[in-house]
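Trainee: I'd like to go through this one with you, step by step. Can we look at it together?

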Amino acid sequence: MKELEYPFDAEYIIKKRKSLKRALLADGSKRLKKKIAVFGGSTTNDIVVYLELFLLHQGIEAEFYQSEYAQYWQDAMFPSEELLHFQPDIVFIHTTNRNISHYPTVKDDKQTVEELLTAEYEKFEQMWTKIAETYHCPIIQNNFEMPFYRLMGNKDCSDYRGRLNFLTRLNEKFYEYADKTEGFYINDINYVSACYGLKEWSDPFYWNMYKYAMCVDAIPSFSFNLSHIIKSVFGKNKKALALDLDNTLWGGVVGDDGVEGIRIGQETGESQSYYEFQSYIKSLKDLGIILTVCSKNDHENAIAGLNHPEGVLKPEDFIIIKANWENKDRNIVEIASELNILPDSIVFVDDNPAERAIVSVQVSGVSAPEMDGVENYIMTLDRNGYFEVTTFNEDDLKRNEMYKANAQRAAQQATFADYQEYLKSLEMTAVIDDFMPVYLQRITQLSNKSNQFNVTTKRYTPTEMEEVYHSSEYIRLYGKLVDKFGDNGVVSVVIGKKDGAVLNMELWLMSCRVLKRDMELAMLDRLVERCREQGISTIRGYYYPTAKNNMVRELYKFFGFTKISEDEAGNTVWELSTDGYENRNHVIKVEDNTALK
Amino acid sequence: MDTKTIYARLNKVFRDVFDDDTITVNPKTTADDIDDWDSLEHITLINAVEREFKMKFKMGEVSSMKNVGEMVQIIAARAK
């Protein structure tokens, strides 16, 4: 819904909040259901109203708990029955500079201010620890926005008695905690309030009158920013960019103006703007965002434009280049299928409103932000939070390489008549073993973003995954696949819970980047082996259909399981006896993780 | 701006905010007459009215207005 993407009209959203919600709920899309507890140090009602809207738009249907007015500390430290029963999937602590218990005064000495700072910080850390212990779920904490007045003027920021100085140092302490704590995220209201305009944001009318810590018109911007963290934690980030070329990555039309005629580089203000935009896109690639081209151009012209000596992006930065005269919606669908991702993971970047309109209508779920004026391109992509980073690991850094290797594999496949021969030629080696601490973050990330090859679509927070890892009730496997073109990283996760001689499968997922490589069979072989070692004779598999996981509807059948039951919703239960099972994988060499033990 | 125009524009604001096309406000309308009009929705309403008429209510007025009639008097004096 365009109304809920940057640049949105906050006034419109405020006025139409009810009808927008109705329209979103009626659009028939399937959404993740999540429970969010909001611990407020000021009024949170409207924050929740708009957060709900933005999350619905991003594929999450949230249920909320809100603490009584300003009871954030009490709720965190002494949880009520209601709250314990609510069992939040995520806790958001909405505190602001209005909640500081003791600011320094100009009469305080250095020592006193140090003590105030420590006391203020410890109040928060205590609360975070308690919440983590009680709910085992991710925590989002506001940092502090700057105050609306400066007692000492400019000196307020550098003098230890200044409020600005105090809040800045407190923020630093929050960041240190965030940096070392998994599942703890800062909602950067210091940045958002600055973008909005601190003067309007902190209009004291709203605090004194309604106990809102910001002006009412700023609340949509606040909630929008917050929604990015939540949807990212729950695996709803975008994965790829499909970029137009002419007047998007450079000024002018390469087919008409020639390579020497397009505007990119350091010559003029306009060409510098395109250069800056290309640099931004290149940095997104380093973050693990997949780059593709979707442009109406002759292929050779597109390549020539990308090879412009003053450009930042080069043809090899893109996994797929679709430069042809087909309709763009068709190209987008093909890009999605070649990358094995869903079209709703793609952001389509095009300066032409007509192309954006066609793609938006024809390919449901694709984001097509308003790219209006090259000087606004970066801001538009950035503010929309498509790629909000909540975890960042080595795998993200290497993602583009991996997709590139995939493209090479596809090229090689074309030269083999027999698929098994092709698989053998890949010289695949897998490590399949019990979880290890170094992989927990990646394992959790996979559980939150795999939608297609995922039989139960069960999501795990970092804390939950940690519990699974430490419990003796589970058989756990992760699978890492390497072949001659490159390292695919951890691509498959299997979790089963033991119940006597039965293993109930809670999770079976695989990254689509290794589809049709027999990796799932290698995982099955290893699972059966581990079951036998632990005296388990029956493996029971469950399939829960979603809008996206049809590809694994018959996975257990393919594995040789017998269907035990099926209900009206299509949920199926399957069983396999480990007696007499013979290994199915013959193309991947499987190893234990001896290197890290 | 004449009172009739104010009521027409105000009515539109009420219908948007409370998402109810059957609302018709008159000078005597109070929060009791509209289902969803509680203290939290009051904030949204005041904000929307301020935007519609490009004016601001004073802090004292926000809590002391007794009915729509009083709201319209303030708007008439200040609206642009």
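Mentor: Sure. This is a predicted model, where local features need pLDDT of at least 70, side-chain atom pairs count only at pLDDT 80 or more, and totals for chains, interfaces and linings use all residues. Residues are numbered from 1 along each chain as its sequence is written, while chains are lettered from A and ligands numbered from 1 in the order in which they are written.

Trainee: What covers the buried residues of H1(A)?

Mentor: Helices here are DSSP runs of H or I with at least four residues, strands are E runs of at least two, and both are numbered from the N terminus. Buried means 20 or more other C-beta atoms within 10 Å of a residue's own, with C-beta atoms placed from the backbone. In H1(A) that holds for A:Ile13, A:Ile14, A:Lys15, A:Arg17 and A:Leu20. Their cover includes helix H2 (45-57) and helix H10 (219-233) of chain A, together with helix H1 (3-18) and helix H2 (39-53) of chain B.

Trainee: Where does helix H1 of chain A bend?

Mentor: You compare axes fitted to the seven residues ending at a position and the seven starting there. For H1, residues 10-25, that angle is about 75°, and the place is A:Lys16.

Trainee: Which element gives the most to the side of chain A that touches chain B?

Mentor: Contact means C-beta atoms, placed from the backbone, within 7 Å. The contact takes 13 residues from chain A and 11 residues from chain B. H1 and helix H9 (204-210) of chain A each supply at least two residues of chain A's side. The top giver, with 6 residues, is H1(A).

Trainee: How many helices are there in chain B?

Mentor: Read from the N terminus, its elements go α-α-α-α. There are 0 strands, and the helix count is 4.

Trainee: Why is chain B as compact as a globular protein of that length?

Mentor: Take the radius of gyration over C-alpha atoms and set it against the globule rule, 2.2 Å times the number of residues to the power 0.38. For 80 residues the rule gives 12 Å, and chain B is close to that, so it counts as equally compact, with a radius of 11 Å.

Trainee: Which strands stand at the edges of the open sheet in chain A?

Mentor: Strands pair if DSSP finds at least two bridges between them. The order is E8-E7-E6-E9, with parallel pairing. Each edge strand has a single partner, so one side is left without a neighbour in the sheet: these are E8 (320-324) and E9 (346-349).

Methods. Buried ≥ 20, exposed ≤ 12 C-beta atoms within 10 Å, placed from the backbone. Contact = placed C-beta atoms within 7 Å.
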